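Student: I should like to request a close look at a single part of this protein, with its setting explained in one connected account.

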Amino acid sequence: MMLSAFFEDLTKAYQAELEDLQSDSEGNDILTSRLKSKRSQFALMMPMIETDPEMVAVAFHGGVDFTNPQQLTMLLGEEPDDFPAWNDVADAVQFESWAQKLADIALQEPGGERFLITSVCLEYLYEKSNGSYQGVYGHSAHGESDDAVEGVEEDEEDGRDLEIEGADWLAEQGFERLG
């Protein structure tokens, strides 16, 4: 499955958010109570759906059934500007009654459709990976590397390793060589 850069970034953040909610400082499992608190404050968190959607999306954790996994898998390769309308996606999921109330609140907000698609896709990927997504970073939706330094490790003119050249330059500046 190829994830868009958007979902590649957010998936780890979503997983980390759930892990942060999982336990208190003494190691007690308090995920249920923290999610309940998030759900009760859901309407107040709506201003965050554009900037930190993963922090709000966790409110849906455990409240979504996936009736069309293939459609969700396809959406995971899309960037938000390419998302379809929520009505085109709504049949791919079934919300628990409490989660449907949250979805209704989100849909009243500007950007609510995009947020709901993001939320159900994040929850789908979390469940599909059993909460331990270990995605391969560095792949865009087009299969090209996003690694900005790939291919830069060697100087193209003489093939010298940039690490060696960097160490030489630092030595010239008066720094001691390591190792």
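Tutor: What follows is an account of helix 1 and its surroundings, taken from the whole chain to single residues.

The model is a predicted one. The protein contains eight helices and two strands, and in sequence order these follow the pattern α-α-α-β-α-α-β-α-α-α. Of its 179 residues, 35% are buried. Among contacts with a separation of 6 or more, 70% are between residues 24 or more positions apart.

Helix 1 itself consists of 18 residues. From its first C-alpha to its last, helix 1 reaches 26 Å, close to the 26 Å expected at 1.5 Å a residue. The buried residues of helix 1 include Phe6, Phe7, Leu10, Tyr14, Leu18 and Leu21. Glu8, Thr11, Gln15 and Glu17 also belong to this buried set. The cover over these buried residues includes helix 2, helix 3 (53-57), helix 4 (69-75) and helix 7.

Glu17 deserves separate attention. Glu17 forms a salt bridge with Lys38, and the closest N and O atoms of the pair are 3.3 Å apart. Because Glu17 lies in helix 1 (residues 5-22) and Lys38 in helix 2 (residues 31-40), the salt bridge ties together parts that are 21 residues apart in sequence. Both partners are buried. The structure holds one salt bridge, so the link between Lys38 in helix 2 and Glu17 in helix 1 is that salt bridge.

Helix 7, one of the elements covering the buried residues of helix 1, can be examined through Ile117. This residue lies in helix 7 (residues 112-128). Ile117 counts as buried because its relative accessibility is 0%, the cut-off for burial being under 20%. Beyond its neighbours within four places in sequence, Ile117 is in contact with Leu75, Phe83, Pro84, Ala85, Trp86 and Val89. The C-alpha atoms of Ile117 and Pro80 are separated by 8.8 Å, although the two residues are 37 residues apart along the chain.

The surface offers a contrasting setting. Phe175 is placed in the segment after helix 8 (162-172). With a relative accessible area of 54%, Phe175 is exposed. Together with Trp169 and Leu170, Phe175 forms a nonpolar patch on the surface, and the accessible area of the three is about 350 Å². For the protein as a whole, the exposed area is about 10,900 Å², of which carbon and sulfur atoms supply 48%.

Notes. Residues numbered from 1 in each chain as written. Predicted model: local features only at pLDDT ≥ 70, side-chain atom pairs only at ≥ 80, totals over all residues. Heavy atoms only, no water. Salt bridge = Lys/Arg side-chain N within 4 Å of Asp/Glu carboxyl O. Helix = DSSP H or I, 4+ residues; strand = E, 2+ residues; numbered from the N terminus. Buried < 20%, exposed > 50% of the residue type's maximum accessible area, 1.4 Å probe, protein only. Contact = heavy atoms within 4.5 Å. Patch = residues over 30% accessible without salt bridge, like charges linked within 9 Å, V, L, I, M, F, W, Y side chains within 5 Å. Areas by Shrake-Rupley, 256 points an atom, 1.4 Å probe, with all protein chains shown as cover. Expected span 1.5 Å × (residues − 1).
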